[in-house]
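Notebook open, structure loaded. I'll start with one loop residue, then check confidence and the core.

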Amino acid sequence: MSTQPPQPARAPQPTRPSLTERRKAATQLDIARAAAELFAERGPDGTTAEEIAHRAGVALRTFYRYFRNKQDAVAPLLAGGAAEWRARLADLDAGVPTALERSIAEALTPVGTRADEALEWTRGLLRAAQDDPALRAVWYRVNQESEEQLVPVLARLVGEGADELEVRLAAAAATDAIRIALETWAATDDPPSGPRSPAELAVRCLRELTGGLRLLER
């Protein structure tokens, strides 16, 4: 029998995506960017799935392997920022109010040309969604999925004994704060940084929406 003291159990490490999964994600993102570019140039009504596939450099059958229709093709682009935000939030160990505000502000503050482009793509898509119910449905679905995936992140951040209802309310408020901020900003020509930027608007929305939550009391 070993006389060594027992070692503490290590937290399970996230599984690294396989090469196939990474290639699939890269292809989906290429298609999403092609769709966003064409929607910006011609609008959803003036764009076909065939044109998106051609712009992305894939066969039409590949397009339909991943997406049901042309509007659905932009979902990975819209969801990418939310996934990065949740990952950033999961890495923070501050109190929940501070962690939420900090992660939202950082996620919506563009750093570099690619981040600026991502926000401008989002602005174009949200403007196009005003006159395209199918594209608007994709936007709402992406937000709903993000809210559901945020719940366990917040629950781990709060720790044992967290009120399940308040965790769900906080997840809904945080998701809606970002959604409303992006929609409000997209309707303007304001720059992606500074006053009335997505980051500033989202933090303001979060504070207004969570004012009565004990979980987020300061």
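**Loop residue, confidence, core**

I looked up threonine 188 and found it in the loop between helix H8 (164-186) and helix H9 (198-209). Helices here are DSSP runs of H or I, at least four residues, numbered from the N terminus. This is a predicted model, where local features need pLDDT of at least 70, side-chain atom pairs count only at pLDDT 80 or more, and totals for chains, interfaces and linings use all residues. Residues are numbered from 1 along each chain as its sequence is written, and side-chain values use heavy atoms, with hydrogens and water left out.

Next I checked what threonine 188 touches. Its side chain reaches the backbone nitrogen of aspartate 190 at 3.1 Å. Beyond neighbours within four places in sequence, threonine 188 is in contact (heavy atoms within 4.5 Å) with Arg123 and Arg127.

Then confidence. The protein chain averages a pLDDT (the predictor's confidence in each residue, from 0 to 100) of 87, and 87% of the residues score at least 70. I noted that residues 1-14 have pLDDT below 50, and that this stretch has 0 contacts in the model beyond near neighbours in sequence.

Last, I pulled the largest nonpolar core: buried (under 20% relative accessible area, 1.4 Å probe, protein chains only) Ala, Val, Leu, Ile, Met, Phe, Trp, Tyr and Cys residues joined through side-chain atoms within 4.5 Å. This core has 54 residues, and Leu89 is among those touching the most other members. H8 gives the most to this core, with 10 residues. I also listed contacts of leucine 89 beyond four places in sequence, including Ala99, Leu150 and Leu154.

Definitions and conventions. Helices (H or I, at least four residues) and strands (E, at least two) are DSSP runs, numbered from the N terminus. A polar contact is a pair of N or O atoms within 3.5 Å; within protein, one must be able to donate a hydrogen and the other to accept it, and residues adjacent in sequence count only if both atoms are side-chain atoms. Buried means under 20% relative accessible area, exposed over 50%, partly exposed in between (1.4 Å probe, protein chains only).
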